[in-house]
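Biologist: Could we go through this model together? I should like to begin with one of the cysteines and then move on to the strands.

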Amino acid sequence: MIKKVIFFASALLIFGCSKENPLQVSSYQKGELIFDYQNIENDTLNASQRIYDEQLELFYTGWGVYEDIIFPGTTINWSLDHTNSTSNIKLHCAITGGDQYNNVFFTNTKALKWQGEPWQYQEAKYLVYELDLYIDGELDCSNSDLATIEGIELTWQHIELPFSHGFGLQFSKAGEWRFWNDEQDADNMPIGWQSFSPKINFCLSPKEWHTIKLESYITENTIVYKSMIIDNEVFSLQNTTLPYVNAKSGWVENFIQIGMQINGNKSVKNSVGVDPVAVILDNVNFRGYQLITE
C-alpha cells in the first residue's frame, strides 16, 4: 500500500562527523541491559500516530517512511506492508517505481520523551542492532552494473537533547561496506560515505536470507563503530570514532530510532526510471546496555 511521508524525526537522520585520524578512546563493553525491543518488524505501519506505552510511560510511532529525493522535481514510489509466512510476520519494504537514484528510508521510532523530563534510556550507551534481511532483486557484486539496487543503509539514532548520536553503515552494489561522515567540506557539504581502512567487502547475495548484527557505543563525546557480524562472519569496524553533533534546532523530544534505506539504482531493464526492488526484514531487534570500561 502506497503512503506519504510520515513522522518528522525520520526525515533528518543526523550522524556525527569523522576525521581522517579518528579520536582515541578507551576500551568499553556492554553492561546491564536497559532496553530490549524485539521483533520490531511486527510494529504498526502507521507512524503518523503517536502511541502511548503505559508500562514504559513513553510514546512510540511504529514504522514510517521518508522519501530521499536526490534530484529536485523527481519522484520515487514505494510500498510498506506486512507479509504473513507459515511462522511469523515479516516487514516488506519496496521501491515500486519512480526516477533513478532516489531512495526510500524506512524507520521505526521509540521511547519518545519530552526534553527535560526523566528519560530512562539516557544511560543506554552500548547499542546492538540486529536483523534478518532478504533482497528481492538482481544483485551480483562482481558485475554490479546489472544490479537493480544501488545499495542498502542500516542506521540507528540515540537522541539525547541537545545532542544527536547517530550510526550509519552502507552496503553498495559492488559489495563494499562504508560509514557516514557528516563533516563539512570546503563547500559546506557533508563529506558523506567513506571507506573503512582497510576496506570491508562482503556481498549480500540476492534471494537469500542474511543475518546481520551491528555493535557500537556512545562515550562522553564520541560514537564508536565496534563490530559487524554477517552470517556468522565477524568484521571489526576498527573502532572508527566520530564526534557527535547537536540535534536539529526545534527538536523537543528524546528518542531512539532504527532505520533501513533502499537506495534506488538507474534502471537496467528500461531506458528510464528505476527498477522495482524489495528488501524484506525479519527478527529486527534493538537493545541498549549500560557502557562500562573494560
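Biologist: Is cysteine 93 buried or exposed?

Modeller: Cysteine 93 counts as buried, because its relative accessibility is 0%. Please keep in mind that this is a predicted model.

Biologist: How many disulfides does the structure hold?

Modeller: The structure holds 1 disulfide. It joins cysteine 141 to cysteine 203, with an S to S distance of 2.0 Å.

Biologist: Which parts does that pair tie together?

Modeller: Cysteine 141 lies in the loop between β8 and β9 (149-160), and cysteine 203 lies in the loop between β12 (190-201) and β13, so the disulfide ties together parts that are 62 residues apart in sequence.

Biologist: What is its handedness, and why?

Modeller: The torsion about the S-S bond of cysteine 141 and cysteine 203 is about 85°, so the disulfide is right-handed.

Biologist: And are these two cysteines buried or exposed?

Modeller: Cysteine 141 counts as buried, because its relative accessibility is 17% and the cut-off for buried is under 20%. Cysteine 203 has 29% relative accessibility and therefore counts as partly exposed.

Biologist: Let us turn to the overall fold. What does the secondary structure come to?

Modeller: The protein has 0 helices and 18 strands. Of its 294 residues, 53% are buried.

Biologist: What share of the contacts joins residues at least 24 apart?

Modeller: Of the contacts between residues at least 6 apart in sequence, 73% join residues at least 24 apart.

Biologist: And the surface: how much does the protein expose?

Modeller: The protein exposes about 13300 Å², and carbon and sulfur atoms supply 47% of that area.

Biologist: Back to β13. Why is this strand described as largely enclosed?

Modeller: Strand β13 covers residues 209-218, and 7 of its 10 residues are buried, so the rest of the structure largely encloses it.

Biologist: Which strands pair with β13?

Modeller: Strand β8 (residues 126-136) is joined to β13 by 9 bridges, and the two run antiparallel. Strand β14 (residues 222-230) also pairs with β13 in the antiparallel sense, over 7 bridges. A hairpin connects β13 to β14 through 3 residues.

Biologist: Where does leucine 214 come into this?

Modeller: Leucine 214, in β13, is the bridge partner of tyrosine 129. Leucine 214 also stands opposite methionine 228 in β14.

Biologist: Which residue in the hairpin loop could we look at?

Modeller: Threonine 219 is found in the loop between β13 and β14. Threonine 219 is buried, because its relative accessible area is 9%.

Biologist: What does threonine 219 touch?

Modeller: Leaving out residues up to four places away in sequence, threonine 219 touches Tyr28, Val224, Tyr244 and Leu291. In addition, its side chain makes a polar contact of 2.3 Å with the side chain of threonine 222.

Biologist: Now to β8. What can you say of aspartate 132 in that strand?

Modeller: Aspartate 132 has its place in β8 and is buried, with a relative accessible area of 15%. Its C-alpha is 5.5 Å from that of histidine 210, although the two are 78 residues apart in sequence.

Biologist: With which side chains does aspartate 132 make polar contacts?

Modeller: The side chain of aspartate 132 makes one with the side chain of threonine 211 at 2.8 Å, and another with the side chain of asparagine 283 at 2.5 Å. Residues that aspartate 132 touches also include Trp209, Ile280 and Leu281.

Biologist: Which residues touch the most other members of the largest nonpolar core?

Modeller: The largest nonpolar core has 61 residues, and those touching the most other members are Phe106, Leu133, Leu154, Leu169, Trp177 and Leu281.

Biologist: Which residues is leucine 169 in contact with?

Modeller: Setting aside neighbours within four places in sequence, the contacts of leucine 169 include Leu154, Trp177, Phe196, Leu214, Met228 and Leu237. Among these, Leu214 and Met228 are the residues that stand opposite each other across β13 and β14.

Biologist: One last strand: how many residues of β4 are buried?

Modeller: Strand β4 (residues 62-68) is mostly covered, with 5 of its 7 residues buried. It pairs with strand β7 (residues 103-114) in the antiparallel sense over 7 bridges, and tryptophan 63 has asparagine 108 as its bridge partner in β7.

Definitions and conventions. Residues numbered from 1 in each chain as written. Predicted model: local features only at pLDDT ≥ 70, side-chain atom pairs only at ≥ 80, totals over all residues. Heavy atoms only, no water. Helix = DSSP H or I, 4+ residues; strand = E, 2+ residues; numbered from the N terminus. Buried < 20%, exposed > 50% of the residue type's maximum accessible area, 1.4 Å probe, protein only. Contact = heavy atoms within 4.5 Å. Areas by Shrake-Rupley, 256 points an atom, 1.4 Å probe, with all protein chains shown as cover. Pairing = 2+ DSSP bridges. Disulfide = S-S within 2.5 Å. Polar contact = N/O pair within 3.5 Å; in protein donor to acceptor, adjacent residues only side chain to side chain. Core = buried A, V, L, I, M, F, W, Y, C linked by side-chain atoms within 4.5 Å.
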